[in-house]
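Please read the numbered points below alongside the sequence and the model. They are meant for someone opening this entry for the first time.

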Amino acid sequence: MKQEQLEFRKTLDVRYETDLLVAGAGPAGVAAAVFAARRGLRVRVIEAGSCLGGQGTSGLVPAFMTFTDGVNFLAGGFGRELRERMLENGGIFMPKDGSGRGGGIRVEWLKRLYEQMFEEAGVEYTYHTQLVDVFKEDESHVSVAIVAAKSGMYGIRAKVFVDGTGDGDLCVLSGAAYEYGDAEGNAMPGTLCTLWGGIDWNTVFGPEGRGSAEAHIEEAIRDGVFTLEDRHLPGIWRVGETIGGGNVGHTFGVNGTDEVSLTKAYNWARRTIREYETFYKKYMRGYEEMEFVMSAPLMGIRESRRITCDYTLNFEDFKARAVFPDEIGRYSYPIDIHIAKPDKASFVEFKKNLHTALGKGESYGIPYRSLLPRGLDNVWVAGRCIGVDRPMQASVRVMPCCYITGQAVGAAAAQYIRRGLKSIREVDTTALQAGLKEAGAFLPNCP
């Protein structure tokens, strides 16, 4: 059926002008904004939700994942500062008994710390502000971002832009090419994370506990607890004295760039939460009095668009522990591709690939070129949708790596503005590396 088409015209005010506009206030966008503002830029951030932090806050993802390679602190700079300040103010839960069975994110602490860092750096930002289009001076140069907010539609003029949306929205609206999913266009399933109260963690981790939930999933599947045979269960993290953050359940077939697909995924996830409550209460120990508190406002999307950049960081680079002359950081998270389908064969394949990891003290480089969308001169991309192939996206997608790429584009934006450059490709990467290293970035291969 042919869709009706309308020609839509409207005169909009350009409400703000700034040096740098960051679209999306997830971990990459926050790091970019703070780094640039601390170097003297006028920075404005637009965020569609109601808080900063993306998946770590709105998504209720219960843990950061690794900041180190077991020897070196890889997310140095913004990531180290964020982690230390979270530890200082109690934002990373550490149990009173000193058992060490903690380390989960206390989400309200993280929300407020991000806002505090923005206020300290002088970053201007608004919530409930959705990027809907861009205005370009020519094919390669974006000049104005068009947003839809509670007060209506308007424009924001900027000299340079950072795409921190996680989905590459700014880049795609600007005409950048991208890839999505595997060869058939299938992406990893999402998860709607959850919060639970009333958990007896002493029993969970004590001699009466029943160990990993995965060990009991087959029994529950045989008993008909689950609608789908989803054997992949990351689990519930301890985020409080009796509180747990659940990374449980998958929404298969979800497309994080399509509102119809997302709506179906939210509906499915909320319907199946009770299945996991039944599982933990019946088959595990320490969860008998567990209470469901809430599901996340934001669906946890693991895989989305991969923007085509000047260099595509790839699986061979991962295996080779690659070093690049223009690298802006190093990282080492495993190739963590979640199961493709809710069946035993997919779970067996996942378990086989789970060991695609680097050794202690090993890491791969991330080149500056992988942050440069092909065909655009004043837009960087940071976070999970940088220029990578599919296996590498499964490694770079977690928060500490987003801090690494975010701070790099923030520092690059500062150099661009200070030196009056005409293209992001004119950035002096040696000077960029020196500045990042001075700020604490882990760059052992750079002079």
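1. The lining of the largest cavity, sorted by class, holds six nonpolar and five polar residues and no charged ones. This is a predicted model, and the cavity in question has a computed volume of about 90 Å³. Its lining is made up of Leu-192, Thr-194, Val-248, Gly-249, His-250, Thr-251, Trp-268, Ala-269, Thr-272, Ile-273 and Tyr-276. Helix H7 supplies the largest share of that lining, with five residues.

2. How many cavities of 30 Å³ or more does a search of the whole structure find? The search finds two, and the second largest encloses about 60 Å³ of space. Its lining consists of Leu-228, Asp-230, Gly-249, His-250, Phe-252, Trp-268, Thr-272, Glu-275 and Tyr-276. By class, four of the residues lining this second largest cavity are nonpolar, three are polar and two are charged. A reader comparing the two lists will find Gly-249, His-250, Trp-268, Thr-272 and Tyr-276 in the lining of the largest cavity and again in that of the second largest.

3. The sheet deserves a careful look, since helix H7 (residues 259–283) packs on it. Four strands form this open sheet, in the order E9-E10-E8-E11, and their pairing is antiparallel. Strand E9 (235–238) and strand E11 (291–295) are the edge strands, each of which pairs on one side only. On average, and with direction ignored, neighbouring strands of the sheet are turned by 30 degrees against each other. Helix H7 touches strand E8 (194–197) as well as E9 and E11, and the direction of the helix makes about 150 degrees with that of E11.

4. Within the sheet, the pairing of E9 with strand E10 (residues 244–247) can be followed in detail, as four bridges join these two antiparallel strands. In this pairing Arg-238 stands opposite Gly-244 in E10.

5. Elsewhere in the chain, are helix H1 and helix H2 roughly parallel or roughly perpendicular to each other? Helix H1 (residues 27–38) and helix H2 (residues 78–88) pack at an angle of about 105 degrees, their axes lying 11 Å apart, and the two helices are therefore roughly perpendicular. On the H1 side the contact involves Val-30, Ala-31, Val-34, Phe-35 and Arg-38, which meet Phe-78, Glu-81 and Arg-85 in H2. Taken by class, this contact of H1 with H2 has five nonpolar and three charged residues, and no polar ones.

Notes
Residues numbered from 1 in each chain as written. Predicted model: local features only at pLDDT ≥ 70, side-chain atom pairs only at ≥ 80, totals over all residues. Heavy atoms only, no water. Pairing = 2+ DSSP bridges. Axes fitted to C-alpha atoms, helices over the stretch in contact; angles between N-to-C directions. Contact = heavy atoms within 4.5 Å. 1 Å grid on protein atoms, 1.4 Å probe; cavity = no way out; pocket = protein on both sides within 12 Å on 5 of 7 lines; lining within 4 Å. Points joined across faces, edges and corners; volume = space filled by probe spheres on them. Nonpolar A, V, L, I, M, F, W, Y, C, P; charged D, E, K, R; others polar. Parallel < 35°, antiparallel > 145°, perpendicular 65-115°, else oblique.
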